[in-house]
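Please open the model in a viewer and follow the stops below in order. Each stop names a selection and then describes what is found there.

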Amino acid sequence: MEAGPFVRRTTRENEDTTIDAILSQLPGQLLDGFIRGLVYVAIALGLTIVFGMLRLVNFAHGAFYAIGAYVGLVVAEKLGLAAGLIAAPIAVAFFAVVFDRILLRRFYSKEPTSQILVTFGVAIVVQETLRLIFGGTTRSFPIPAALAGSFNLGFTQYPTYRLLFAIGIVLLIVAVYLFIERTDYGLIVRAGIRDRTMVQLLGGNVKLASTIIFALGASLAGLVGAAASPIYSVDPNTGFSFLIPSFVVVVIGGLGSFWGAVLGGLLVGELQSVATLALPAASDVIIYIAMAIVLLVKPSGLLGESEMIRG
Amino acid sequence: MFNQAKPSRGQFVVGGAAGAAVAAFSSVNVIAAPMKKVVIGLDVPQTGPYSDQGQDQLRAYKLAIEEINAKGGVMGMQIEASVGDDQTKAPVAVENARRMIERDGAVMITGGSSSATAVAVSGLCQEKKTIFMATLTHSNATTDESCHYHTFRRYNNAYMSAHAMAKTLLTKYGTGKWFHITADYTWGHSVYESLTEVLEPKGAKTIKNVLLPLGTTDFSSALSQAQAAKPDVLVITEFGKDMVNAVNQAAQFGLTKSTKILVPLADEYMAKGAGDNFDNVVTTAPFYWQYHAAKYPAAKKFVDAFMKRYGAPPSNGAECAYTNIYQWKEGVERSGSLDPKKFIEKMEGHKFTATKEPEYWRASDHQGINSCLVLEGVPVKDRANPYAFAKVLEVHDGESVSIPAASSKCKIESA
Amino acid sequence: MSTADLRFYGLTLLGLMVFPFVIHPIGGYPGLATQILIVAIATVGFNLLLGYAGLLSYGQAAFYGVGSYMALLTVSRFFPSHPNFWLAMMLSIGFVTLMALGIGALVVRLYGIYFGLVTLAIAQMFFFIIFQWRDLTKGDDGLQGISSPALPLGFTSIDLSAPLPQADLGPFGNLGDVHYWYIFAAIVMFLVLAFMRTLTQSQFGEVLGAIRENEERSMFVGFDPAKYKLAAFTIAGALAGLSGALRGLYEGSTNPDALTVDTSGNFVIFAVVGGLKTLFGPVVGTGLIMYLQNVISAKTEAWRLIEGLIFVAVIVFLPGGILGTLLRRNRKGPAQRILAGAVRTGPATDASVPRGVTR
């Protein structure tokens with residue numbers, strides 16, 4: 001796996017590293033960190049929803065992101081970006097249902113370890129299937145001409161597509177919040193996060209509900225994958241390179257907490273960006289250090305409930 | 001003639017001797033050919049960021065091998081290729097080379113695309129006393145501080161590109177502000193050091209160097225820093241798909257319009273990926289099919305054969321791959337032996353003409369001394385075909401831009 | 001020494017002696033055999049963690065990778081004027097053991113899911129430290145071209161990269177293709193297996209099993225689960241460090257790839273495919289998958305897909321892994337019992353309280 005898209009560093013001493021220079025670059029960096037943070041939030045929320053329902057940390061969640069990105073790419077090349085954004089979550093939801101019905105269901109009653117293993121295995125199979133179909137190289141599709149320019153925000157020029165992407169993700173996060181807080185399925189998720197046995201007592205429609213919720217969590221990742229691929233490009237490893245920081249997000253924010261995922265995601269995104277300017281060599285390590293500190297001080301995460309770590 | 005070869009090294013494989021299982025599983029899959037064979041290893045990326053370049057080299061290798069085999073092979077031996085995908089990763093490249101040498105009995109390894117893999121394979125080949133004809137590797141290290149007795153590199157290096165670009169551009173941008181985005185491994189470091197070494201004494205100011213690992217896909221952080229810094233020149237020392245992503249994203253930040261973009265090394269695959277964003281970008285290459293085919297008959301013959309076979313002209317990496325196979329063949333034939341030592345003695349200082357002007361192998365560091373082209377990208381509408389991506393600004397004689405032998409850090413092992 | 005012991009030692013030695021030659025007809029070669037044994041040391045250690053203690057670590061690459069760096073740095077950087085094989089090994093294993101102890105103290109109180117996530121993240125942290133600390137580690141280029149010092153044995157010293165005498169073995173290759181490195185790796189592997197067998201058959205192994213099956217009950221009986229888990233974590237880390245150190249010295253090079261999530265995931269795949277809770281399973285799994293990676297990869301681009309499919313198939317259809325399933329089918333034979341080594345059919349394997357609910 002590549003190191004992920006997040007390492008930056010400088011070497012020479014003759015460079016302009018005055019406070020003024022750093023400050024002039026700060027707004028762009030903060031915006032950049034915010035947008036990357038939003039991607040983490042969206043992925044972490046998908047993990048959280050599925051965890052609430054199935055008590056399962058899904059290593060294949062990154063694969064959903066990658067499938068969404070590739071489906072979006074293929075459809076967008078033929079029919080345009082909007083079609084790609086519609087096709088991707090549908091395709092990923094379909095894949096998730098098949099995956100759940102054929103494979104994952106067998107592992108509901110098994111120990112967490114074998115659940116993690118089977119999702120890890122599926123993640124590899126998906127990654128390698130994508131590699132065989134699309135090749136191992138990075139792909140991206142050009143941003144539609146109307147969105148390809150940059151937008152003057154006053155303090156900085158920023159690519160238009162990235163701004164629209166940020167707005168879209170924020171709306172998506174609001175939708176997820178409403179889903180969890182206002183719908184019956186959301187109630188199941190909330191109940192599941194608090195107490196696993198309560199969900200099992202609900203009986204009846206839990207099987208259907210679990211499939212639906214699993215598919216929703218997956219399509220969330222698929223949609224983000226399709227929307228993000230004009231920005232970050234996509235290769236078969238893309239899923240993992242976003243999944244790992246999202247794990248850190250989940251640990252920092254607290255597994256199972258909506259606001260934990262939001263807070264953790266934005267924190268991780270901004271930490272990386274600010275460190276890029278202030279202490280470039282540490283810009284990758286810093287999120288792991290933050291995670292270690294959180295674990296030492298509050299093992300259940302900033303906004304998590306303590307019961308969770310006994311998952 | 002071959003008695004100095006240890007039997008275990010399998011210097012050549014006699015057909016028919018191999019058992020059925022070997023035929024089924026091993027790459028040296030000899031059925032019943034009565035012909036003697038010599039095995040060489042092609043260690044190139046078929047996946048990873050530099051896979052376009054690796055695949056194009058593979059095409060050229062196969063073309064050269066087929067041509068040679070059709071004309072009777074190397075000293076009567078048919079060339080048999082053992083191929084490995086190095087995934088653009090050094091450990092995989094080394095493992096491939098080890099398998100090619102230890103199991104398949106390869107007497108020569110060739111390949112590259114990433115200097116990290118080339119330098120690593122070069123180290124292994126030195127240990128295994130096996131010839132390594134490095135192909136697409138542009139870091140100085142390959143024939144400078146990490147040079148080895150068994151390694152030859154004909155491709156231009158970072159020092160040559162830096163000096164060629166500097167000579168062409170200094171009058172216009174020499175005293176401006178330069179911002180670097182650099183791939184964080186031996187090649188990137190090598191280009192950055194070479195460029196700043198030439199530019200800074202002339203008054204150029206280096207604002208910043210942002211290092212990003214091989215395989216980076218999101219350049220926005222570095223690009224927004226560049227945007228805020230308002231440099232005169234933005235040097236994007238990235239290669240393959242990474243370079244395509246970086247240049248395309250630079251365009252999103254409006255940098256391709258406001259700033260002179262330099263990409264120290266490029267080929268038609270990268271230019272194609274960058275499309276119109278490659279317009280006006282300055283780069284270098286050791287070979288450009290359009291230029292060389294028009295000037296040298298041997299180049300035209302090669303380009304035509306390649307076009308006929310694959311429907312596209314060869315990239316500069318493919319040209320080097322093709323010439324490397326022929327250089328190895330001629331070296332073996334001139335020394336009359338597969339013995340590496342005798343081969344190397346015949347190669348050092350050897351003057352030859354292949355697809356370019358007359359050139360030679362420098363004895364002191366095994367660097368091929370040949371010309372370096374400075375190119376400038378043209379917009380898609382001005383490209384006669386999708387692969388005619390640039391115009392030639394200037395051609396620099398190899399001698400004039402190479403690391404002077406006296407200041408080379410190469411301490412080659414004694415035979 | 002009991003008959004079972006004798007059979008174990010005898011069969012293990014025999015297996016190690018024929019291994020580099022029996023793989024010849026299927027496209028293997030002695031160098032691959034050496035690599036398999038070296039890497040399998042880490043997998044055997046990992047089995048103690050995942051198989052016996054039930055702890056799924058996604059961070060073994062940190063110990064493996066740091067082990068390789070420490071060994072090569074000792075030779076090339078810390079003591080360049082007196083490169084010593086044993087010193088490199090000892091410094092490397094010592095450092096990694098301390099590292100495992102420290103990390104273990106932080107993570108062994110975490111359960112199931114969290115344990116996996118946090119070990120993965122910690123390994124990433126070490127990856128980036130190694131990647132960024134270029135003055136010491138040379139960054140992405142890694143350490144290269146460092147020749148291993150000869151192996152000092154007091155009375156003499158052996159150049160491990162020297163080949164054995166030539167002797168044609170027909171379809172099984174040539175004795176001269178084998179280097180002394182293989183013999184050394186085989187001896188280390190033998191010792192590691194003997195150690196692991198003793199360990200898992202001891203009370204320590206039984207307590208680990210009890211903790212895996214039901215942590216609360218084991219606490220009531222008076223064991224401190226955290227201590228036992230920490231011991232298992234540290235031993236697994238130390239063996240990964242040993243494996244990494246050997247790999248580094250064998251290759252004469254290492255690079256940050258040794259610390260990636262892919263590497264950690266490989267250890268998981270090796271152990272699960274071969275068979276958890278069996279002594280030889282991790283060796284079988286490592287051998288099978290590395291063979292795929294090395295030999296089949298030259299034949300087809302789909303080799304990693306094949307690897308993934310094997311892994312999923314084993315999880316779904318052969319929960320005991322390849323060796324574990326073979327042994328269960330055929331429990332009676334003496335060879336199987338010996339191969340099973342430390343397989344104890346703990347009373348609670350299948351009848352335990354449904355996990356994931358109580359924990």
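**First stop: chain C**

Select chain C, in which 61% of the 359 residues count as buried (under 20% relative accessible area, with exposed meaning over 50% and partly exposed in between, for a 1.4 Å probe and protein chains only). The model is predicted: local features need pLDDT of at least 70 and side-chain atom pairs count only at pLDDT 80 or more, whereas totals for chains, interfaces and linings use all residues. Residues are numbered from 1 along each chain as its sequence is written, chains are lettered from A and ligands numbered from 1 in the order in which they are written, and side-chain values use heavy atoms, with hydrogens and water left out.

Display chain C as a cartoon to see 15 helices and two strands (DSSP runs of H or I with at least four residues, and of E with at least two, numbered from the N terminus). Chain C is as compact as a globular protein of its length, because its radius of gyration of 20 Å is close to the 21 Å that the globule rule gives for 359 residues (taken over C-alpha atoms; the rule is 2.2 Å times the number of residues to the power 0.38). The C-alpha trace of chain C spans about 55 × 50 × 45 Å along its principal axes.

**Second stop: B:His163**

Next, select B:His163, which lies in helix α5 of chain B, residues 158-173. Is B:His163 buried or exposed? With a relative accessibility of 18%, B:His163 counts as buried. Now add B:Val198 and B:Val401 to the selection: B:His163 is in contact with both, neighbours within four places in sequence being left aside (contact means heavy atoms within 4.5 Å).
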